[in-house]
Amino acid sequence: MTEDERWMEYALREAEQAFKRKEVPVGVVIVHQSRIIGRGYNQIETLNDPTAHAEMIAITAATAHQNSRRLEDCTLYVTLEPCAMCAGAIVLARIPRLVYGGTDPKAGACGTLYNIVQDDRLNHRVQVVPGILAERSSALLKKFFVKVRTNGLGKPGGERGLRDEGPETRGRR
């Protein structure tokens with residue numbers, strides 16, 4: 001097992017946490033000097049926040065740990081190629097190295113649809129290592145979406161299933 005595969009295993013564990021919480025299973029760890037300083041998994045549905053991607057949560061945790069907005073000398077490991085928002089955050093945090101599992105043909109912004117992290121017009125570029133444990137990352141995503149399509153997951157964080165009451169319907173039964 002390579003060093004990148006070893007750390008990606010930890011990112012996969014985070015993705016499994018997302019799966020258990022009925023979130024799209026994407027997981028991240030940020031490593032500095034052979035230690036995890038930030039971790040995260042998707043919490044978009046749970047938090048009702050479109051920015052609650054695994055990368056954003058992990059970057060926030062890592063910057064708090066480092067007491068710095070810059071994450072120099074760090075590597076971000078993520079199970080799925082980052083989107084444009086997360087790629088921008090990686091650049092802004094000055095993360096020098098990105099390792100990801102599966103490519104994202106619908107939103108990938110680190111080489112698939114766009115390549116924000118290596119755009120020469122920006123003031124920081126990131127070394128990208130794609131495809132690490134991609135099969136396992138992809139299998140977890142496929143398993144999740146099969147369950148969603150067969151209505152086997154329900155809404156995140158609740159016993160109510162797919163019927164989520166909003167403030168306008170709460171208490172009317």
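Start with the largest pocket of this predicted model, which has a volume of about 510 Å³. To find its middle, select Val24, Leu80, Asp104, Leu141 and Phe145, which are the closest to the pocket's centre among the 23 residues that line it. Next, colour helices α3 (54-66) and α5 (134-149), since these are the elements that give two or more residues to the lining. The largest share of that lining, 5 residues, comes from α5. If you then colour the lining by residue type, you will see 12 nonpolar, 5 polar and 6 charged residues.

Stay with Phe145, one of the residues closest to the pocket's centre, and add Phe144 to the selection. Phe144 and Phe145 form an aromatic pair, with 5.0 Å from centre to centre and 85° between the planes, an arrangement that counts as edge-to-face. How exposed or buried is each of the two, Phe144 and Phe145? Phe144 has a relative accessible area of 5% and is therefore buried, the limit being under 20%, whereas Phe145, at 30% relative accessibility, counts as partly exposed. Now add Phe19 to the view, and you will have the cluster of Phe19, Phe144 and Phe145, which is linked by ring pairs.

The structure holds 3 aromatic pairs, and another one to select is that of Trp7 and Tyr10, whose ring centres lie 5.5 Å apart and whose planes stand at 35°, so the pair is tilted. Both residues belong to helix α1 (residues 3-20), where, being 3 residues apart, they are separated by about one helical turn. In this pair Trp7 is buried, with a relative accessible area of 5%, while Tyr10 counts as partly exposed because its relative accessibility is 25%.

For the last stop, select His124, which you will find in the loop between β4 (97-102) and β5 (127-129). Although it sits in a loop, His124 is buried, with a relative accessible area of 13%. Which backbone oxygen does the side chain of His124 reach? The partner is the backbone oxygen of Ile95, at 2.9 Å, and a distance drawn between the two in the viewer should show this contact. To see the surroundings of His124, display Ile90, Val91, Arg94, Ile95, Pro96 and Val117, all of which His124 touches when residues up to four places away in sequence are not counted. Ile95 thus appears in this list of touched residues as well as in the contact made through its backbone oxygen.

Methods:
Residues are numbered from 1 along each chain as its sequence is written. This is a predicted model: local features need pLDDT of at least 70, side-chain atom pairs count only at pLDDT 80 or more; totals for chains, interfaces and linings use all residues. Side-chain values use heavy atoms; hydrogens and water are left out. On a 1 Å grid over the protein atoms alone, a cavity is a set of points where a 1.4 Å probe fits but cannot get out, and a pocket is an open set with protein on both sides within 12 Å along at least five of seven lines; lining residues have an atom within 4 Å of a point. Grid points are joined across faces, edges and corners, and a volume is the space filled by probe spheres set on the points. Helices (H or I, at least four residues) and strands (E, at least two) are DSSP runs, numbered from the N terminus. Ala, Val, Leu, Ile, Met, Phe, Trp, Tyr, Cys and Pro count as nonpolar, Asp, Glu, Lys and Arg as charged, and the others, Gly among them, as polar. Buried means under 20% relative accessible area, exposed over 50%, partly exposed in between (1.4 Å probe, protein chains only). A polar contact is a pair of N or O atoms within 3.5 Å; within protein, one must be able to donate a hydrogen and the other to accept it, and residues adjacent in sequence count only if both atoms are side-chain atoms. Contact means heavy atoms within 4.5 Å. Rings of Phe, Tyr and Trp (its six-membered ring) pair if their centres lie within 6.5 Å; planes under 30 degrees apart count as stacked, over 60 as edge-to-face and the rest as tilted.
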